[in-house]
Amino acid sequence: MALRRKSVVGTSAVEVNRVIAGDCIAGLKSLPDASVDLVFADPPYNLQLGGDLMRPNETRVDGVDHAWDKFASFSEYDAFSRAWLAECRRVLKPDGALWVIGSYHNIFRVGAALQDLGFWIQNDVVWRKANPMPNFRGKRFTNAHETLIWAARDQKSKPTFNYEAMKAYNDDLQMRSDWLIPICSGPERLKDDGGRKAHPTQKPEALLHRIILASSSPGDLVLDPFFGTGTTGAVAKRLGRRWLGIERDPDYVKAAEERIARVMPLSPDAVEVTRSKRTEPRVPFGQIIELGILEPGAKLWDERGRVWAEVRADGTLALTSGNARQGSIHRLGAEVQGKQACNGWTFWHFEADGKLKPIDVLREQAKRQLGLTRMS
């Protein structure tokens, strides 16, 4: 079994790293308010299948025909969706967020319910399947994607987004909202004792890896109210997050617990997330002067050495040639370029070892002197 720990929220404690056996709504109701950092939900899609789907060779496709995916009407499905979503919103922390996945059968109805309940949509993401199931009847396009909605608890929430990590993950390019990832297959696909799929809609670990890495931090609590065979828990454990799953099918619970018990967590250093500059401690330019890293009277240049300004004791810069002008590193940088805005940290450079270097490197030096850097 996975190691169980208690997460303390106010006066309430949540026993984590476990599967709650039972109905998803009842399981959610057992959790205290504002106790979860991130929810990943893979709810029933309500596929509305009209009969067996056959291949051209007359063999039957092993699709989803389980009772848990069947609802009597759209209104019944909508009521179910609103019930579990409302409970997820209650258990999320103020800056928590939720990911929900679906197909064209259900995702638009779920999206409307999300907005009606007060969630604030951050993105929709298209999961492009590298190896989708063909369309055997030839009456529609091959259904080669599913849609994920990433939503904050409410409009005022500031959900975790590890932008720099996702950019580095994507070869220093901004991560796009279309993700090409294979469906779950091969050794990753869990099988039952009869050699059949243990769960018909098992999601690939690569998909959960990207979601959890993008929108949570090590130590966060990740909840999956439709746990199935435990993909969310397995990936969360590997990435140093705490996890909770809710699942009513005892066979799925057993498969999930056995699977997660085999997972070895990565080291704390390996799961450390690249931090965005926006989340780092703020060091104003004036503090660079206070600490003696730059002296009043020092000269700063643009990258090409064509424009220079003098550092003043109050942390402003002054142009001493032509019309004398004075201002912050940002305002003066914008003025000399004829622009509305400028990042002075990257525009202005100082001379060191015969080379011009951006003053942004001095900010890192200041952080070390102030003890604001993270110790390894």
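The crossing of helices H5 and H6 is right-handed. The contact behind this crossing involves Glu205, Leu208, His209 and Ile212 on the H5 side, and Thr231, Thr232, Ala234, Val235, Ala236 and Arg238 on the H6 side. Sorted by character, the residues of this contact comprise 5 nonpolar, 3 polar and 2 charged. The structure is a predicted model, not an experimental one.

H5 covers residues 205-215 and H6 covers residues 231-238. The two helices pack at an angle of about 55°, and their axes are 9 Å apart. An angle from 65 to 115 degrees would count as roughly perpendicular, and one under 35 degrees as roughly parallel. H5 and H6 are therefore oblique to each other.

One residue of H5 can be followed in detail. Ser215 is located in this helix. Is Ser215 buried or exposed? Its relative accessible area is 5%, and the limit for buried is under 20%, so Ser215 is buried.

The side chain of Ser215 has polar partners, listed here with their distances.

| Partner of the Ser215 side chain | Distance |
|---|---|
| Side chain of Trp99 (polar contact) | 3.0 Å |
| Backbone oxygen of Ile211 (to a polar atom of the Ser215 side chain) | 2.7 Å |

Which residues does Ser215 touch, leaving aside those up to four places away in sequence? They are Leu38, Trp99, Trp150, Thr160 and Asn162. Trp99 thus appears in this list and also joins Ser215 through the side-chain polar contact of 3.0 Å.

Terms used. Residues numbered from 1 in each chain as written. Predicted model: local features only at pLDDT ≥ 70, side-chain atom pairs only at ≥ 80, totals over all residues. Heavy atoms only, no water. Axes fitted to C-alpha atoms, helices over the stretch in contact; angles between N-to-C directions. Helix = DSSP H or I, 4+ residues; strand = E, 2+ residues; numbered from the N terminus. Parallel < 35°, antiparallel > 145°, perpendicular 65-115°, else oblique. Left-handed = near helix turned anticlockwise from the far one by under 90°. Contact = heavy atoms within 4.5 Å. Nonpolar A, V, L, I, M, F, W, Y, C, P; charged D, E, K, R; others polar. Buried < 20%, exposed > 50% of the residue type's maximum accessible area, 1.4 Å probe, protein only. Polar contact = N/O pair within 3.5 Å; in protein donor to acceptor, adjacent residues only side chain to side chain.
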